[in-house]
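Work through the following exercises with the sequence and the model open. Each task is followed by a solution in steps.

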Amino acid sequence: MDPMISLGQKNTLAEYMILSGADNRPPMLDKDLYDSWKSRMELYMQNREHGRMILESVENGPLIWPTVEDNGVIRTKKYAELSAAEKIQADCDMKATNIIL
């Protein structure tokens, strides 16, 4: 439990989530506890499957989808056309976005 949060005071929703130890969803941002939130978000992301890739997606931005030429027209590859590694990265980008939202 965060030493700054006491049970006797009126608490914000974010503080209640911290107190309740919500580990099945990312911690909510409380502007007064940004450093703590950032550390918790990083740990939450790293604890997920492909956690390092999810965190890198947040830090470096999402995958730039490759293009392919099809009948003289350049288009973005469809998900089914991505390599296995690209599919994992695309999935991690989606997870990163969902975690932050």
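**Exercise 1. One helical turn and a salt bridge**

Task: State how far apart Arg52 and Glu56 are in helix α3, and what this separation amounts to in helical turns. Then describe how their side chains meet.

Solution.

Step 1. The structure is a predicted model. Arg52 and Glu56 are four residues apart in helix α3, so about one helical turn separates them.

Step 2. Their side chains form a salt bridge, with an N to O distance of 3.5 Å. The cut-off for a salt bridge is 4 Å, and therefore a pair at 3.5 Å qualifies.

Step 3. Arg52 also meets the side chain of Glu59 in a salt bridge, here at 3.8 Å from N to O.

Step 4. Now check the accessibility of the three residues. Arg52 has a relative accessibility of 45% and counts as partly exposed. Glu56, at 35%, is partly exposed, and Glu59 is partly exposed at 47%.

**Exercise 2. Salt bridges elsewhere**

Task: How many salt bridges does the structure hold? Describe the one between Asp70 and Arg75, and then say which residues are joined into one network.

Solution.

Step 1. The count is five salt bridges.

Step 2. Asp70 counts as partly exposed at 36% relative accessibility. Arg75 is partly exposed as well, at 23%.

Step 3. In the salt bridge between Asp70 and Arg75, the closest N and O atoms are 3.3 Å apart.

Step 4. Arg52, Glu56 and Glu59 form one network, joined by salt bridges that share partners.

**Exercise 3. The fold in outline**

Task: Which pattern of helices and strands does the protein chain follow along the sequence? Add what is known about its burial, contacts and surface.

Solution.

Step 1. The chain contains four helices and two strands.

Step 2. Along the sequence they come in the pattern α-α-α-β-β-α.

Step 3. The chain has 101 residues, and 27% of them count as buried.

Step 4. Take the contacts with a separation of 6 or more: 34% of them are between residues 24 or more positions apart.

Step 5. The exposed area of the chain is about 7,400 Å², and carbon and sulfur atoms supply 54% of it.

**Exercise 4. The span of helix α4**

Task: Test whether the distance between the end C-alpha atoms of helix α4 agrees with its number of residues. Then find what its buried residues pack against.

Solution.

Step 1. Helix α4 covers residues 84-100, which is 17 residues.

Step 2. At 1.5 Å a residue, the helix should span 24 Å. The expected span is 1.5 Å times one less than the number of residues.

Step 3. In the model the end C-alpha atoms are 25 Å apart, which agrees with the expected value.

Step 4. The buried residues of α4 are Gln89, Ala90, Cys92, Asp93, Ala96 and Ile99. They pack against α2 (34-46) and α3 (51-60).

**Exercise 5. A buried charge**

Task: Which side chain of opposite charge is nearest to Asp93, and how far away is it? Then find a polar contact of the Asp93 side chain.

Solution.

Step 1. Asp93 lies in helix α4. Asp93 is buried and has no salt bridge.

Step 2. The nearest side chain of opposite charge is Lys95, 11 Å away. A salt bridge needs a distance within 4 Å, so Lys95 is out of range.

Step 3. The side chain of Asp93 makes a polar contact of 2.8 Å with the side chain of Gln89.

Step 4. Gln89 is also in helix α4, and at 17% relative accessibility Gln89 counts as buried.

Step 5. Set aside neighbours within four places in sequence. Asp93 is then in contact with Ser57, Pro62 and Leu63, and Gln89 with Met53, Ser57 and Leu63.

**Exercise 6. Positive phi outside glycine**

Task: Where do His50 and Asn71 lie, and what are the phi values of His50 and Asn71?

Solution.

Step 1. His50 is in the loop between α2 and α3. Its phi is near 60°, a positive value in a residue other than glycine.

Step 2. Asn71 is in the loop between β1 (67-70) and β2 (73-76). Asn71 is not a glycine, yet its phi is positive, about 55°.

Step 3. His50 is partly exposed at 34% relative accessible area, whereas Asn71 counts as exposed at 78%.

Notes: Residues are numbered from 1 along each chain as its sequence is written. This is a predicted model: local features need pLDDT of at least 70, side-chain atom pairs count only at pLDDT 80 or more; totals for chains, interfaces and linings use all residues. Side-chain values use heavy atoms; hydrogens and water are left out. Buried means under 20% relative accessible area, exposed over 50%, partly exposed in between (1.4 Å probe, protein chains only). Contact means heavy atoms within 4.5 Å. Accessible areas come from the Shrake-Rupley method with a 1.4 Å probe; for residues, only the protein chains shown count as cover. Lys and Arg count as positive and Asp and Glu as negative; His and the chain ends are not counted. A polar contact is a pair of N or O atoms within 3.5 Å; within protein, one must be able to donate a hydrogen and the other to accept it, and residues adjacent in sequence count only if both atoms are side-chain atoms.
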